[in-house]
Every structure is written in C-alpha cells, then in structure tokens.
Amino acid sequence: LTILGLESSCDDTAAAVVRQKDGQAPEILSSVVFGQTELHAAFGGVVPEIAARAHAEKIDICVKQALTQANLTLADIDGIAVTAGPGLIGGVLSGVMCAKGLAAGSGKPLIGVNHLAGHALTPRLTDQIAFPYLMLLVSGGHCQFLLVKGPDDFTRLGGTIDDAPGEAFDKTARLLGLPQPGGPSVEAEALTGDPKRFRFPRPMLDREGCDMSFSGLKTALLRARDQVVAEKSGLSQQDRADLAAGFQAAVRDVLMEKTRRALTLYLSENPTHPTVAVAGGVAANKSIREGLETVSAENGVQFTAPPLALCTDNAAMIAYAGLERFRLGHFDDMTLVARPRWPLDKQAPALLGSGK
Ligand code: ATP
Ligand code: FE
C-alpha cells in the first residue's frame, strides 16, 4: 500500500508518501514540510489568515515535491490521506480541497485523518509497536493520555484541564524574550540554567487521576520574572536560563507523575508487551523524553518516542494514519468536511473511576 498524505492544520504545509508492503515495516518514501515561522515571527504567534493563505499557495508544490522525491506519480498512489481537523479551519480547508481535487482527478480513494490520530499513531510508523499502548500526546494545542487499542480506538484517560504544555512553552518564550516556537528556544535556554533556583508549582499532583493543569505555571513564571526584573531592573542571561530550567522541570515533573498514574490504569488492561509512547511537538523535548523513559523503566515497560522531526507536525504521520484506515476499509467521499474541532477520544469514566 502506498499512501500520499497532506497536512495543513496549523503553520506547517506538509506532504509525504508512506508505503507498507505486506508483512514489512512501513517506509517513509518522502516527507516535505514547508514551515511558516518567518511569516508569523512579527506577530508573536500564528495568525490564522496568514497561515491559510500560505497553505493555499504552497500545498500544490508541496505535493509535487513529495511525489518527485518518492520517485512516484499519482498513478502509483493507492489512496490520498488528508488532515480533516482539528486545527485552524482555513488551513484545514486548503488541505481538504487539494486532496479532494487529487482524488477526483485520479480516481483514488480519499481518506480523512484526525490530526491527533496522526500524532498518536506515529510510534507504529517508527517502531511498529503493538496495540494496546499508552500514549501521552503532548503538543501545541493538546495534552492527553490515550489508551490506544486500534487505529480508530482511542480512550482518553485524562488530560489538561486548561493550557497545553506546548502553548505554555510558547508563552514562556514570549515572557523571556526568546524566539517562537517557544519549545526549542526554552529547551536550549534551560540547558545552562539551574532548575532549583525558582520553585514553580506542580499543580494537581494531590488529585487522583491523570488530569493536569498548566495555566498556573505561566502565571507563576510571570510573577517570578517580574520580581527579578524589579529587584535587578532587568533579566540577566543567567536569570533567563534559570527561569527556563525551572519551568521545564515543573512541566516534566507533572508529566512524569501523571504518567505513573496513567500506567496503573493501562497495566490493569494486561497488555502482553506493555509500551508507553509519547508524541506531539513537546515530545521533541529531551528532558521530558528522559523523564518519561525513567518512569517507564521504573515500571518495566517499554518506552518509545519518535525521532524529533516526526514529533512536530508532518505529513508522514497523516499518510501512515491514512494507511491504517485504508486497511480497515475506512474511506471518505466528496462529502468530507474540514472540522476545526474533532475530539479523538471516547471518555473513560469507568477507568477514571471519578464519574466525570
Ligand atoms: P496540535 O497537534 O495540538 O494541534 P500543533 O500541531 O500546533 O498542535 P505540534 O506541531 O504537534 O503542535 O507541536 C508544536 C508545539 O510543540 C509548539 O507549542 C512548540 O513550542 C512545542 N515544541 C516543539 N519542540 C519542543 C521542544 N523541544 N520542547 C518543548 N516543546 C516543544
Ligand atoms: Fe500537531
């Protein structure tokens, strides 16, 4: 099976070709990503209108490049997968319209993919891990623990009740005067910082279950920054590094502790080869990856994290999720719509035991 994937839900225009032969590991034949960082740089965040226009301008050329790099033409493709949500509606529409055009023109099946399913299935693309696995999906807009039992079977065990960690990294970067996207710049800054100088809150650790909260963290960071600025009439390089390190350590500690709780729920399912996987942009963070690896090792559970380029947005994950849907016979037709919101999960009140 050879699937072309398209992604345009946020600020990356991407196209990729993924192939899986019977009984073999999937292969990424090409993965092209056109970022838009410079377009949004002056605004301190992604501007939806600008993003939508850039996607519409770039998506065709992106698809052409992905096919050329894979050494294929549309005739060699078995299906066209596209992110149909959730995300910024203008961008998602660009991708969906392009994919519909390609499907109509070539007569190949169209497969709508949930962007979050793309992230959550990535460890199967990179490491062929078996269902059921425990997924911590932690990205720019999301943070949730999922019990993944099949390509289309996700049960949410818990997640953030307010901000996503990626968003918190981006806000932290803004508060410290570091460039966007905030994740990589805060991580780089934290390398030379002392994580113990500022003790930031680890919210909700006293509560049962695996729900989390990150909005208080950014308020605490703002207060700590303003206090330093007031005392010293400015932020030194070291202050900035210490604030970044303290923030990152707080996020990591919360994710580690809540992963311990989620693991208990997951292990009660008696998986044969228990595996914890992490995905989404924040999974690119080395310190967080190491923290989750430690928790997995403590519990004798296998841990896997995709390579960095497959943690942040890309179309290989969309092509692969499309491939899994193709195998199940889950196709779409021209009625496929772009959805700004599209929850992936079934809630799991029984597992949570909280009646929520
Ligand atoms: P979603 O997938 O929830 O719709 P998105 O697609 O915008 O959101 P991703 O591309 O998956 O998000 O991830 C981007 C986020 O990941 C940004 O908030 C970015 O700051 C964060 N991020 C990227 N690299 C790192 C890193 N090394 N450390 C921490 N955060 C990171
Ligand atoms: Fe994403």
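In this predicted model, 24 residues surround ligand 1. The closest are G140, G141, G166, G183 and G281. Three elements each give two or more residues to this shell: α4 (115-127), α5 and α6. By class, the shell residues divide into six nonpolar, 14 polar and four charged.

The UniProt record bears on this region. An unreviewed entry places the feature "binding site" at L137, V138, S139, G140, G141, D170, G183, E187 and N285. G140, G141 and G183 are also listed among the closest residues to ligand 1.

Take G140 first. G140 lies in the loop between β6 (133-138) and β7 (143-150). G140 counts as buried because 22 other C-beta atoms lie within 10 Å, and the cut-off for buried is 20 or more. Leaving aside neighbours within four places in sequence, G140 is in contact with C10, A164, G166, E167 and G281. Two of these contacts, G166 and G281, appear again among the residues closest to ligand 1.

N285 is another position in the "binding site" feature. N285 sits in the loop between β9 (275-279) and α9 (286-298). N285 is buried, with 28 other C-beta atoms within 10 Å. Beyond its neighbours within four places in sequence, N285 is in contact with G183 and E187. Both G183 and E187 belong to the "binding site" list in the UniProt record.

Now to the helices. Helix α5 spans residues 165-176 and helix α6 spans residues 182-190. Their axes come within 8 Å and cross at roughly 65°. The crossing is left-handed. On the α5 side, the contact is made by G166, F169, D170, K171, T172, A173, R174 and L176. On the α6 side, G182, G183, S185, V186 and E189 take part. The residues of this contact divide into four nonpolar, five polar and four charged. G166 and G183, both in this contact, are also among the closest residues to ligand 1. D170, a contact residue of α5, is one of the "binding site" positions in the record.

A75 offers a contrasting setting. A75 is found in the loop between α2 (48-70) and β4 (79-85). A75 counts as exposed because 8 other C-beta atoms lie within 10 Å, and the cut-off for exposed is 12 or fewer. A75 and D239 are 164 residues apart along the chain, and their C-alpha atoms are separated by 57 Å.

Finally, the domain. UniProt lists residues 27-320 for "domain: Gcp-like", in an unreviewed entry. Over that range the chain is 51% helix and 17% strand. The end C-alpha atoms of residues 27-320 are 9 Å apart.

Terms used:
Residues numbered from 1 in each chain as written. Chains lettered and ligands numbered in written order. Predicted model: local features only at pLDDT ≥ 70, side-chain atom pairs only at ≥ 80, totals over all residues. Axes fitted to C-alpha atoms, helices over the stretch in contact; angles between N-to-C directions. Helix = DSSP H or I, 4+ residues; strand = E, 2+ residues; numbered from the N terminus. Left-handed = near helix turned anticlockwise from the far one by under 90°. Contact = placed C-beta atoms within 7 Å. Nonpolar A, V, L, I, M, F, W, Y, C, P; charged D, E, K, R; others polar. UniProt positions renumbered as here; feature names shortened; annotations may be inferred. Near = placed C-beta within 6 Å.
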